[in-house]
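Hi,

Here is the structure I promised to hand over. Have a look at it first, and then read on for what I found.

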Amino acid sequence: MMAAPPASPSARSRGNAAAGGGNTTSTMLPGPASRSNGGCIDLSTSGLLAHGAGSSVVVSDPRSMQLLCVLPMPSSSASSLASFVTAVRWAPPGSAPSLAAAEDAGLGEDDHRPLRLAAGDRHGRIAVWDARARVVLHLLNLDESRSVAPGTSGGVQDLCWIHHAPGWLLASIHGPSLLCIWETSNNPRVLWMFDASPEYLSCIRRDPFDDRHLCALGLRGFLLSAVPRHDSDISLKEHRIVCGAGDVAELQRLEKEMAAPAPAPALAAFPLFSATLCFSPQWRHILYATYPRELVVFDLNYSTALSVASLPRGFGKFSDVMADPDLDLLYCTHVDGKLSIWKRKEGEQVHLLQAVEELMPSIGTVVPPPAVLATTVWQSESIFRNIDKLSQDLAQMQSSHSVIFDTNSDKNMYQGAMSYITSISEDGKIWSWHLTFDKSAGSKKINLGTSNHSDAGISKPRSKGLDFTVKINLMGQLHLLSSTVTTLAVPSPSLLATVARGGNNPAPAVPLVGLGTQSGTIEVVDVLANAVSVSFAVHSSTVRGLRWLGNSRIVSFSYNQVSDKTGGYNNKLVITCLRSGLNRPFRVLQKPERAPIRALRASSSGRYLLILFRDAPVEVWAMTKNPMMLRSLALPFTVLEWTLPAAPRPSQNAASKQSSTSKERSGEVTAAESSDETAESFAFALVNGALGVFEVHGRRIRDFSPPFNFARASQYLISQ
């Protein structure tokens, strides 16, 4: 145990300075979460979901599946590495400092009280946010508090709020083995530190029966129990969980192969080896711990393991464990995306496998499917379920006039019970699942490794108390950005832009942005709603460029280099229709090409496309229903760009409308012919400095140098 260092005087000032620009967080669209975020997720009692995605904290509503805000971590000048968010934790409601501050400011309503959220990053910093105001209240830096070099304390592994006499304190795990407790009121400082080396601390949790009590679990089975006392000291008790031989051998092998620099936390040093725990909300002094191959039920009062359940054959390793707030069930997630449900055997602290479900449906996902990074159980639903259960119990007591009634009997505990689970996948999606439990007339054999979402009744007939079925349904999905953005394009407003089906109907302007990603998808973002409207899996490699054709079609390209002796590049061009969702490749070649595609240039109307190659001729294409190449221009271009056409005069516009109406009535021309009435041109520059203009009219391309009209040009001059 170490004495607390002096407080950092700049913590609060830097926190307020970092909060500048918090008003822009409502217009940010976050990227996907990754394994570098350590699977950090937390659901508040009011139903707000927070999870780490890159260097930001994403706050969403899992009920309505809406993105609420994005809270970026303040930039750090001490390191050039991205500050990945590795831990998030909502402050419990009704904390004393926030209530006192709200009363002093005259803010008695809940809507005006600070909604505190703690977030830690791999630089070792902890930002305490007011998520409602989207500002940083405090920025805690352990290196500055200890007056040591940046990076000495290590990144943040996990966070936990615990209660103390003045209010709520924040406990954190820094680096591999450092446990700290912070004061986050008006004078933020670290109060207490404990170094558990050579152990690797993995997670920290608060006891639901005692808000002052916390437990920290290590990768080797070290378990630390801590309770703050009124004399500013900490009461400690150490326990030891005996791990399986397979987990011990794997950890020893990973320690020899560890490539992360010291002092790296457990999630950075051993990203594929996790040890997690959770307290039982039903039984005092009981907690559940999972290691990659074991589920352990541990009694803190007697410091002994009550039962150990080994990982069934054919299952992926355990990644997390969660306890249902009301039902005597455990939910365990696995690295292969499965969710296993374990029920306590009546009369014993032994849990048996009851059902297996998949959190990543096999239909509609790519192969291999995206990994499930984090999962959490809705704690807020427990309040409504308790009210319903108490109402039913009261009605039954009044009808039977009996004082003694077993409300937790196995006959009616699971009948009609429900649970809600939210999961985060690495493709940028938030999944909301609904689980229902019903008593089954006859038990069915469990099928280990498979799951059926339409009929998810899976039971294991090991005892008479396990005869109920579980059904899981997908309630909603929030789609964020699926990968790193590599390119973007916006529809160019033009009076010549027409709808994708042809004709002279002008395409209205749309508030959309097309994004190409590193994973090969195209995301169409509605900038007004700040949400992904639709996503298309188009390419198997990185999208190198894209352009809009009007407002309902997008053309994109990708390429990959051939690794055989011949060499070359495989260029892929695809037209994506936003209305039908179809992807139509064009310019499909059987052999690799000498040069890759460098860029695309679409005309203002979307009728023509320039394909630029690296050290190769430029191709001019007519983007009709079946695209056709008009010409290949073998000139040493340095730059090309389409010119904006002049807006037609009102008289010409009226005449064109009248002529188009007469043509439609007579049926003399087709839509394809009418679409070729207006010529478009693109300007270019050559390596020798020469400038020029090409005009494209229908299928004809000619060198065009229009005379400079000083009278028309004077209309666009603006006098200062």
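A search of the whole structure, which is a predicted model, turns up zero disulfides. A disulfide is a covalent bond between the sulfur atoms of two cysteines. So what keeps cysteine 215 from bonding to the closest cysteine sulfur? That sulfur belongs to cysteine 203 and sits 9.7 Å away, which is too far for a bond. Cysteine 215 is also buried, with a relative accessible area of 0%. Cysteine 40 counts as buried too, because its relative accessibility is 8% and the cut-off for buried is under 20%.

Next, the sheet towards the end of the numbering. Four strands make up an open sheet, in the order S17-S18-S19-S20, with antiparallel pairing. Its edges are strand S17 (276-279) and strand S20 (304-310), each of which pairs on one side only. From one strand to the next, the twist averages 20°. If sheets are new to you: strands of a sheet pair through backbone hydrogen bonds, either parallel or antiparallel.

Zoom in on strand S19 (residues 294-299) and you'll see six bridges joining it to S20, the two running antiparallel. To find your place there, look for valine 296, which stands opposite valine 308 in S20. The loop between S19 and S20 holds serine 303. The phi of serine 303 is near 55°, a positive value in a residue other than glycine. Is serine 303 buried, exposed or partly exposed? It is partly exposed, with a relative accessible area of 31%.

Helix H4 (residues 245-257) goes with this sheet. Its 13 residues should span 18 Å at 1.5 Å a residue, and the end C-alpha atoms are 19 Å apart, which agrees. Which residues of H4 are buried? They are Asp247, Glu250, Leu251 and Leu254. Seen down the helix axis, the buried residues of H4 fall within an arc of 100°, so they line one face of the helix. Part of what covers them is strand S18 (286-291) together with S19. Ala245 and Lys256, on the other side of H4, are exposed.

There is a hairpin worth a visit as well. Strand S7 (125-130) and strand S8 (135-141) form it, with four residues between them. The two strands pair in the antiparallel sense over six bridges, and aspartate 130 stands opposite valine 135 in S8. S8 is mostly covered, as five of its seven residues are buried. In the turn you'll find arginine 134, with a positive phi of about 60° although it is not a glycine. Arginine 134 is partly exposed, at a relative accessible area of 23%.

One last backbone detail, in case you like oddities. Where is proline 198? It is in the loop between strand S12 (189-195) and strand S13 (201-207). The peptide bond leading into it from serine 197 is cis, with omega near 10°.

If you only have a few minutes, I'd start with H4 and the strands that help cover its buried residues, S18 and S19. After that, follow S19 across its six bridges to S20, and finish at the turn between S7 and S8, where arginine 134 sits.

Happy browsing!

Definitions and conventions:
Residues are numbered from 1 along each chain as its sequence is written. This is a predicted model: local features need pLDDT of at least 70, side-chain atom pairs count only at pLDDT 80 or more; totals for chains, interfaces and linings use all residues. Side-chain values use heavy atoms; hydrogens and water are left out. Two strands pair if DSSP finds at least two bridges between them. Axes are lines fitted to C-alpha atoms, for helices over the stretch in contact, and angles run from 0 to 180 degrees between N-to-C directions. The expected span of a helix is 1.5 Å times one less than its number of residues. Buried means under 20% relative accessible area, exposed over 50%, partly exposed in between (1.4 Å probe, protein chains only). The arc is that of the directions from the helix axis to the C-beta atoms. Contact means heavy atoms within 4.5 Å. A disulfide is a pair of cysteine sulfur atoms within 2.5 Å.
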